[in-house]
Amino acid sequence: MIELLLAVVAGALIGLSLGALGGGGSILAVPVLVALGQGPAQATTGSLVVVAVTSLAGAVTAHRAGNVLLARGLAFGLVATGGAVAGARASSAVPEPVLLAAFAALMLVVGGLLAVRQWRGRHAAPADRSTRHPVIDDPIITFSPTFACQCPRALKVLVTATVVGLLTGFLGVGGGFLVVPALLLALSLPVEFAAGTSLVVITITSTVALAARAGSGTAPDWSLVAALTVAAALAAVAGARLADRVDTRRLSAAFTGLVLVVAAYTAAVALPALV
């Protein structure tokens, strides 16, 4: 009962982050499942279920609010599927202590990047949500009336999407901390659309990675995964609605601190197993 209660509380935190910030919360799913007694391989598989369902719930809510550019999200997600399949297959060939250590390293990097972003933006003015910027129709590749390609941007999208897919498949994370900047820079999305559109990408890559892991023999405790998933999905809907009404910088700062604490804990668990 205590484990299920902890799963519900953790799921709420994951969902709020995914819904309000467009990513990041999924990185907590793996250490939460490990702390609840799951092995690293089981935890990364279960995390994909949490991430896929939660991102889908958040994406639907964000789309209804007009914060999703569906076509661009689908395109980026489809490009990332190759990396997701490769990462999922590679994870089964890696020893569990190495898998957990790699995840701990990823969390430390993400926590550091989030902290730097918070430090740089602490004096920035809150985003003005009273107006919406027009979407610039600037396709990367066109075939009519003649073929044209913005190849540097196309390469940037390909590399970033593949890395996102690899991380999703290998470590069971959504990759929102990469997807949002990629959508801003590579696809030139207005900032108010990046978080919502990233949820479409995360839904696709997580689902594909989970399908690639099917039959690998690393099934987690599905009761824990279900509790974590339901709580996260409900909280993601609330988080997506809050994104248009509150300054999410405070939530982002709190989440950064939480990631750093969990990263230190995960590293402390992983390092002795490697020795």
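## Exercises on a predicted model

Leu 158 belongs to helix H6, which covers residues 151–171, and the model in which this helix appears is a predicted one.

**Exercise 1.** Decide whether Leu 158 is buried, partly exposed or exposed, and find how far Leu 158 and Ala 80 are from each other in space.

*Solution.* The class called partly exposed runs between 20% and 50% relative accessible area. Leu 158 has a relative accessibility of 44%, and therefore counts as partly exposed. For the distance, one compares sequence with space: Leu 158 and Ala 80 are separated by 78 residues along the sequence, while their C-alpha atoms lie 7.7 Å apart.

**Exercise 2.** Work out which residues make the nonpolar surface patch, and which element gives the largest share of it.

*Solution.* The patch has an area of about 400 Å² and is formed by Val 79, Leu 155, Leu 158, Val 159 and Val 163. Helix H6 supplies the largest share, namely four residues. One residue of the patch is Val 163, which is located in helix H6 and which, because its relative accessible area is 36%, is partly exposed. As general background, an α-helix has 3.6 residues a turn, so residues three or four places apart point the same way.

**Exercise 3.** Classify Ser 91 as buried or exposed, and list the residues that it touches beyond those up to four places away in sequence.

*Solution.* Ser 91 lies in helix H4, residues 70–91. Buried means under 20% relative accessible area. Since the relative accessibility of Ser 91 is 8%, this residue counts as buried. Leaving aside residues up to four places away in sequence, Ser 91 touches Leu 99, Gly 169, Phe 170 and Arg 213.

**Exercise 4.** Check whether the span of helix H3 agrees or disagrees with its number of residues, and say how many of them are buried.

*Solution.* Helix H3 takes in residues 40–64, and because each of its 25 residues is counted at 1.5 Å, a span of 36 Å should result; the end C-alpha atoms are 36 Å apart, which agrees. H3 is mostly covered, with 18 of its 25 residues buried. Just after H3 comes Gly 66, whose phi is positive, at about 80°.

**Exercise 5.** Find where confidence in the protein chain is lowest and where it is highest.

*Solution.* The chain has an average pLDDT of 79, and 81% of the residues score at least 70. Confidence is lowest in strand E1, residues 141–142, with a mean of 66, and highest in H4, at 90. Over residues 129–136 the pLDDT is below 50, although this stretch has 17 contacts in the model beyond near neighbours in sequence. Where pLDDT is low, the predicted coordinates should not be read in detail.

Notes:
Residues are numbered from 1 along each chain as its sequence is written. This is a predicted model: local features need pLDDT of at least 70, side-chain atom pairs count only at pLDDT 80 or more; totals for chains, interfaces and linings use all residues. Side-chain values use heavy atoms; hydrogens and water are left out. Helices (H or I, at least four residues) and strands (E, at least two) are DSSP runs, numbered from the N terminus. Buried means under 20% relative accessible area, exposed over 50%, partly exposed in between (1.4 Å probe, protein chains only). Contact means heavy atoms within 4.5 Å. Patches are made of residues with over 30% relative accessible area and no salt bridge: like charges are joined within 9 Å, nonpolar side chains (Val, Leu, Ile, Met, Phe, Trp, Tyr) within 5 Å. Accessible areas come from the Shrake-Rupley method with a 1.4 Å probe; for residues, only the protein chains shown count as cover. A salt bridge is a side-chain nitrogen of Lys or Arg within 4 Å of a carboxyl oxygen of Asp or Glu. pLDDT is the predictor's confidence in each residue, from 0 to 100. The expected span of a helix is 1.5 Å times one less than its number of residues.
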